[in-house]
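Please look over the sequence and the structure shown below before reading on. The report that follows takes up charged side chains and the pairing of strands.

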Amino acid sequence: EGSKRLHNALPYPQNRVVVNEDSEPFALEGKSVFSKFVVECDENIRANDEVLIVNEEDKLLAYGKSLLSAVEINNFQTGQAIKTRKGMKK
């Protein structure tokens, strides 16, 4: 519930990691997000920040903890970027 409230309260792209459509089903199931599937992210994200995982239309898919900073997420093509806590699949 808290992630839904944050998603509604914070303007795009604040506190968001945007994943491509290939990664959407995995995020919905609560699987980790890897750097190569990230399209863009908030430039203020630091390692260990709580982040919202959204698709390119800003639909909330999941939430989790960032393992990397925004610069690292955008520059790395391998490795885990976000440890997903919970997906929004019902």
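Where does Glu57 lie? In this predicted model, Glu57 is found in the loop between E4 and strand E5, the latter covering residues 60–66.

## A negative patch at the surface

Glu57 counts as exposed, with a relative accessibility of 64%. Together with Glu21, Asp22, Glu40 and Glu56, Glu57 forms a negative surface patch.

## The sheet

The six strands of the model's open sheet follow the order E2-E6-E5-E4-E1-E3, and their pairing is mixed. Strand E2 (33–34) and strand E3 (38–41) stand at the edges with a single partner strand each, so one side of each has no neighbour in the sheet.

Within this sheet, E5 and E6 run antiparallel and are joined by five bridges. Where the partners are followed residue by residue, Lys65 has Lys83 in E6 as its bridge partner.

## Salt bridges

Side chains of opposite charge can pair when their charged atoms come close. With a cut-off of 4 Å between a side-chain nitrogen of Lys or Arg and a carboxyl oxygen of Asp or Glu, the count comes to five salt bridges, and three of these pairs are described here, beginning with one that involves two strands.

The side chains of Glu50 and Arg85 meet in a salt bridge with an N to O distance of 2.7 Å. Glu50 belongs to strand E4 (residues 50–54) and Arg85 to strand E6 (residues 80–87), so this pair ties together parts that are 35 residues apart in sequence. Glu50 is partly exposed, at a relative accessible area of 39%, and Arg85 is likewise partly exposed, at 49%.

A salt bridge also joins the side chains of Asp49 and Arg46, where the distance from N to O is 3.9 Å. How do the partners stand with respect to solvent accessibility, buried or exposed? Asp49 counts as buried at 18% relative accessibility, because the cut-off for that class is under 20%, whereas Arg46, at 57%, counts as exposed.

The side chains of Glu1 and Arg5 form a further salt bridge, at 3.8 Å from N to O. Glu1 is exposed, having a relative accessible area of 62%, and Arg5 is exposed as well, with a value of 58%.

Definitions and conventions
Residues numbered from 1 in each chain as written. Predicted model: local features only at pLDDT ≥ 70, side-chain atom pairs only at ≥ 80, totals over all residues. Heavy atoms only, no water. Buried < 20%, exposed > 50% of the residue type's maximum accessible area, 1.4 Å probe, protein only. Helix = DSSP H or I, 4+ residues; strand = E, 2+ residues; numbered from the N terminus. Patch = residues over 30% accessible without salt bridge, like charges linked within 9 Å, V, L, I, M, F, W, Y side chains within 5 Å. Areas by Shrake-Rupley, 256 points an atom, 1.4 Å probe, with all protein chains shown as cover. Lys, Arg positive; Asp, Glu negative; His and termini not counted. Charge placed at Lys NZ, Arg CZ, Asp CG, Glu CD. Pairing = 2+ DSSP bridges.
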